[in-house]
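User: I would like a close look at a single part of this protein, set in the context of the fold around it. Please keep the account formal and connected.

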Amino acid sequence: MDQIQREIEERLATAEPEVEVLIAEHVSANKLQLVIDHPDGVTLGLCERVTNHLRDYLADYSLEVS
């Protein structure tokens with residue numbers, strides 16, 4: 001498992017414990033793609049919350065959460 005995925009999973013385990021990180025990968029030097037799942041489904045609101053929890057990554061990456 002990639003280091004960035006472990007870091008994100010650890011952070012979300014506290015903030016959004018029901019969110020499962022399926023994929024967290026660098027798709028380019030400055031783009032990070034995150035694919036998540038949730039027992040109640042993934043909504044735009046959940047993607048926004050996850051993005052807000054990971055806001056500090058935006059200093060180095062464009063972040064795509066789906």
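Where is D40 found?

Analyst: D40 is found in the loop between strand 2 and helix 2. The model is a predicted one, and the description below places this loop residue within the fold as a whole.

D40 has a relative accessibility of 68%. Because the cut-off for an exposed residue is over 50%, D40 counts as exposed. Its distance from another residue can also be given: D40 and E7 are 33 residues apart along the chain, and their C-alpha atoms are separated by 24 Å.

The loop belongs to a protein with two helices and three strands. Along the sequence these elements follow the pattern α-β-β-α-β. The radius of gyration is 11 Å, close to the 11 Å that the globule rule gives for 66 residues, so the protein is as compact as a globular protein of that length. The C-alpha trace spans about 35 × 25 × 15 Å along its principal axes. Of the 66 residues, 32% count as buried. The accessible surface comes to about 4100 Å², with 47% of it belonging to carbon and sulfur atoms.

On one side of the loop in sequence is strand 2, which covers residues 31-37. The three strands form an open sheet in the order 1-2-3, with mixed pairing. The edge strands, each pairing on one side only, are strand 1 (20-28) and strand 3 (62-65). Neighbouring strands of this sheet are turned by 20° against each other on average, direction ignored. Strand 2 pairs with strand 1 in the antiparallel sense over seven bridges, and L32 of strand 2 is the bridge partner of H26. Strand 2 and strand 3, by contrast, run parallel and are joined by four bridges. At this parallel pairing, L34 stands opposite V65 in strand 3.

The side chains of strand 3 alternate: L63 and V65 point to one face and are buried, whereas S62 and E64 point to the other face and are not buried. In a regular strand, such alternation between the two faces of the sheet is the general pattern.

Strand 2 also contributes to the interior. The largest nonpolar core has 17 residues, and I8, L34, I36 and V50 have the most contacts inside it. Helix 1, strand 1, strand 2, helix 2 (44-53) and strand 3 each supply at least two residues of this core. The elements on both sides of the loop that holds D40, strand 2 and helix 2, are thus among the contributors. In soluble globular proteins, nonpolar side chains tend to be buried together. Leaving aside neighbours within four places in sequence, L34 is in contact with nine residues' worth of partners listed here in full: I8, V21, I23, A24, V50, L54, E64, V65 and S66.

Helix 1 (residues 3-15) lies across strand 1 and strand 2, running at about 140° to strand 1. Q5 is found in this helix. The relative accessibility of Q5 is 11%, and Q5 therefore counts as buried, whereas D40 counts as exposed. Beyond its neighbours within four places in sequence, Q5 is in contact with V21, L22, I23 and A24.

Contacts across the chain can be expressed as a share: among those between residues at least 6 apart in sequence, 45% join residues at least 24 apart. In summary, D40 is an exposed residue in the loop between strand 2 and helix 2.

Technical notes: Residues are numbered from 1 along each chain as its sequence is written. This is a predicted model: local features need pLDDT of at least 70, side-chain atom pairs count only at pLDDT 80 or more; totals for chains, interfaces and linings use all residues. Side-chain values use heavy atoms; hydrogens and water are left out. Two strands pair if DSSP finds at least two bridges between them. Axes are lines fitted to C-alpha atoms, for helices over the stretch in contact, and angles run from 0 to 180 degrees between N-to-C directions. Contact means heavy atoms within 4.5 Å. Buried means under 20% relative accessible area, exposed over 50%, partly exposed in between (1.4 Å probe, protein chains only). The radius of gyration is taken over C-alpha atoms; the globule rule is 2.2 Å times the number of residues to the power 0.38. Accessible areas come from the Shrake-Rupley method with a 1.4 Å probe; for residues, only the protein chains shown count as cover. A nonpolar core is a set of buried Ala, Val, Leu, Ile, Met, Phe, Trp, Tyr and Cys residues joined through side-chain atoms within 4.5 Å.
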